[in-house]
Amino acid sequence: MKKAARTILLNPGPVNVSMRVKRALLKADICHREKEFSDLLASVGGSLQEIFSPGREHQPVIISGSGTAALEAAIISTVGEHEKILILDNGVYGDRMARIAAANNIEVEHIKSPWGHTPGLESARQSLEVDLSIGLVAAVHHETTLGFINPMPEICKLAHEFGKPVIIDSISGLGGEEIDLGMVDMVVGSANKCIQGVPGVSFVMMKKDMINRIEKAPKRSFYLDLSNLLAHQQRLETPFTPAVKAFYALDEALAELREETLPKRIERYRAAARMLRDGFSGLGLKTIVEEIFMSNTITALEVPPEIGYEKLHDELKARNFVIYSGQGNLEGKMFRVANMGDIQTEEFELFLEVLEEILNNG
Ligand SMILES: *Cc1c(COP(=O)(O)O)cnc(C)c1O
């Protein structure tokens with residue numbers, strides 16, 4: 001039986017990371033109230049700006065916790081007292097933003113569209129025209145549910161036409177997709193997807209107008225209050241014990257990304273997705289998303305009914321490849337192959353060989 005020499009994660013994060021990033025986890029034990037940690041924090045923040053906001057228009061705030069922690073911090077720290085947030089939802093993660101708002105008693109103008117369809121910009125426009133209590137607009141850049149890229153420029157243009165700032169969840173987009181942050185007022189990212197760090201650290205990057213906004217918004221959380229986190233970070237401190245080792249890994253992952261360069265990272269992912277998709281179509285597998293909307297890093301495929309998800313998953317797992325199931329009503333009917341992370345071309349080629357073997361013998 002052909003088998004990969006290591007576990008290859010074809011799930012959309014956490015991803016395989018390089019030896020260099022793994023080694024960073026073994027750096028010295030440090031106290032987060034000492035200069036060593038301030039230097040680390042400054043280095044991570046500087047790299048995030050250099051890579052994603054070269055004009056330095058966006059102020060980063062780095063948060064210990066998975067991507068959802070940064071997303072929750074972003075939403076609860078920005079919506080004003082008597083304001084609503086308009087959320088464009090066409091997948092699990094759009095819905096998650098609405099749930100975060102609801103859990104924090106924030107009113108939502110919830111614009112829901114079916115999975116695999118573009119977000120409801122016309123409905124959003126109608127809401128913005130009639131409902132003056134809408135304070136901002138939030139959307140997901142790369143909807144991980146299906147590997148679907150949402151139209152960022154159109155979303156930002158619409159919100160700005162009504163003078164509303166935009167929050168973008170680009171947790172699975174940053175590092176893997178082109179995005180013009182020039183129009184984005186606040187973007188949320190995390191360490192362990194296309195940035196190729198380890199789980200435990202996430203971040204928001206925000207423009208000046210958002211700094212004014214978070215200072216005025218009501219305090220809905222003690223731990224995830226962005227204005228408190230930002231005030232500490234401007235003094236190169238964190239208010240609570242940070243995930244120091246995950247910061248080390250993120251710092252190294254960002255150094256790697258700077259060396260690889262963002263355009264080449266995106267191109268590497270795009271080429272891997274292209275190769276995989278050629279292979280899938282050769283095996284007769286059907287993709288779910290229309291090609292023009294497909295991301296560079298996730299391919300959603302129908303599970304061949306002859307084999308079923310469980311068997312496909314288990315056979316691949318036995319050969320050291322981890323695929324990802326569908327969510328919601330696509331559970332069992334769809335599987336996802338992500339090509340994020342430090343994975344070599346030969347490993348993707350082996351995956352296609354192994355997949356062919358399993359489908360033929362299934
Ligand atoms: C992964 C992901 C998240 C956050 O997930 P965590 O498990 O909290 O890291 C949020 N939004 C999108 C679009 C994602 O892909």
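# Exercises on a predicted model

Helix H10, residues 262–282, packs against helix H12, residues 345–361, at an angle of about 15° and with 10 Å between their axes. The structure is a predicted model, and the exercises below begin with this pair of helices.

## Exercise 1

Task: Classify the packing of H10 and H12 by its angle, and describe the residues that make the contact.

Solution. Two packed helices are described by the angle between their axes and by the distance between those axes. The first step is to take the angle of about 15° between H10 and H12 and to set it against the cut-off, since angles under 35 degrees count as roughly parallel. H10 is therefore roughly parallel to H12. The second step is the hand of the crossing, which is right-handed for H10 and H12. The third step is to list the contact: H10 contributes Ala 272, Met 275, Leu 276, Gly 279 and Phe 280, while H12 contributes Thr 345, Phe 348, Glu 349, Phe 351, Leu 352 and Leu 355. Sorted by class, the residues of the contact of H10 with H12 comprise 8 nonpolar, 2 polar and 1 charged.

## Exercise 2

Task: Find which strands stand at the edges of the sheet with the order S11-S14-S13, and say how H10 is placed on that sheet.

Solution. Begin with the sheet itself, which is open, has 3 strands in the order S11-S14-S13, and shows antiparallel pairing. Strand S11 (298–302) and strand S13 (324–325) each have a single partner strand, so they stand at the edges, and one side of each is left without a neighbour in the sheet. Next, look at the pairing of S11 with strand S14, residues 334–338, where the two run antiparallel and are joined by 5 bridges; within S14, Arg 336 is the residue that stands opposite Ala 300. Finally, return to the helix of the preceding exercise: H10 lies across S11 and S14, and its direction makes an angle of about 10° with S11.

## Exercise 3

Task: Describe the sheet with the order S2-S10-S9-S8-S5-S3-S4, and place helices H5 and H7 on its strands.

Solution. This open sheet is formed by 7 strands, and the pairing is mixed. Its edge strands are S2 and strand S4 (107–112), each of which pairs on one side only, and the twist averages 20° from one strand to the next. For one pair in detail, take strand S3, residues 84–89, and strand S5, residues 134–140, which pair in the parallel sense over 4 bridges, with Ile 85 opposite Leu 136 in S5. Helix H5, residues 121–130, lies across S3, S4 and S5 and runs at about 170° to S3. Helix H7, residues 208–216, lies across several strands, among them S2, S5 and strand S10 (201–206), and runs at about 105° to S10.

## Exercise 4

Task: Classify the packing of H3 and H4, and sort the residues of their contact by class.

Solution. Helix H3 (residues 67–78) and helix H4 (residues 92–103) pack at an angle of about 55°, with their axes 10 Å apart. That angle puts H3 and H4 in the oblique class, and their crossing is right-handed. On the side of H3, the contact is made by Thr 68, Leu 71, Glu 72 and Ile 75, and on the side of H4 by Arg 96, Met 97, Ile 100 and Ala 101. The contact of H3 with H4 has 5 nonpolar, 1 polar and 2 charged residues.

## Exercise 5

Task: Examine the backbone at Arg 56, at Asn 320 and at Pro 14, and decide whether Asn 320 counts as buried or exposed.

Solution. As background, most residues other than glycine have a negative phi, and most peptide bonds are trans. Arg 56 has a positive phi of about 55° although it is not a glycine; it lies in the loop between helix H2 (35–52) and strand S2 (59–64), and with a relative accessible area of 45% Arg 56 is partly exposed. Asn 320, whose phi is near 75°, is placed in the loop between helix H11 (309–318) and strand S12 (321–322). Because buried means under 20% relative accessible area, Asn 320 counts as buried at 18%. The last step concerns the peptide bond from Gly 13 to Pro 14, which is cis, with omega near -5°; Pro 14 is in the loop between strand S1 (8–9) and helix H1 (19–24).

Terms used
Residues are numbered from 1 along each chain as its sequence is written. This is a predicted model: local features need pLDDT of at least 70, side-chain atom pairs count only at pLDDT 80 or more; totals for chains, interfaces and linings use all residues. Side-chain values use heavy atoms; hydrogens and water are left out. Axes are lines fitted to C-alpha atoms, for helices over the stretch in contact, and angles run from 0 to 180 degrees between N-to-C directions. Angles under 35 degrees count as roughly parallel, over 145 as roughly antiparallel, 65 to 115 as roughly perpendicular and the rest as oblique. A crossing is left-handed if the near helix is turned anticlockwise from the far one by less than a right angle, and right-handed if clockwise. Contact means heavy atoms within 4.5 Å. Ala, Val, Leu, Ile, Met, Phe, Trp, Tyr, Cys and Pro count as nonpolar, Asp, Glu, Lys and Arg as charged, and the others, Gly among them, as polar. Two strands pair if DSSP finds at least two bridges between them. Buried means under 20% relative accessible area, exposed over 50%, partly exposed in between (1.4 Å probe, protein chains only).
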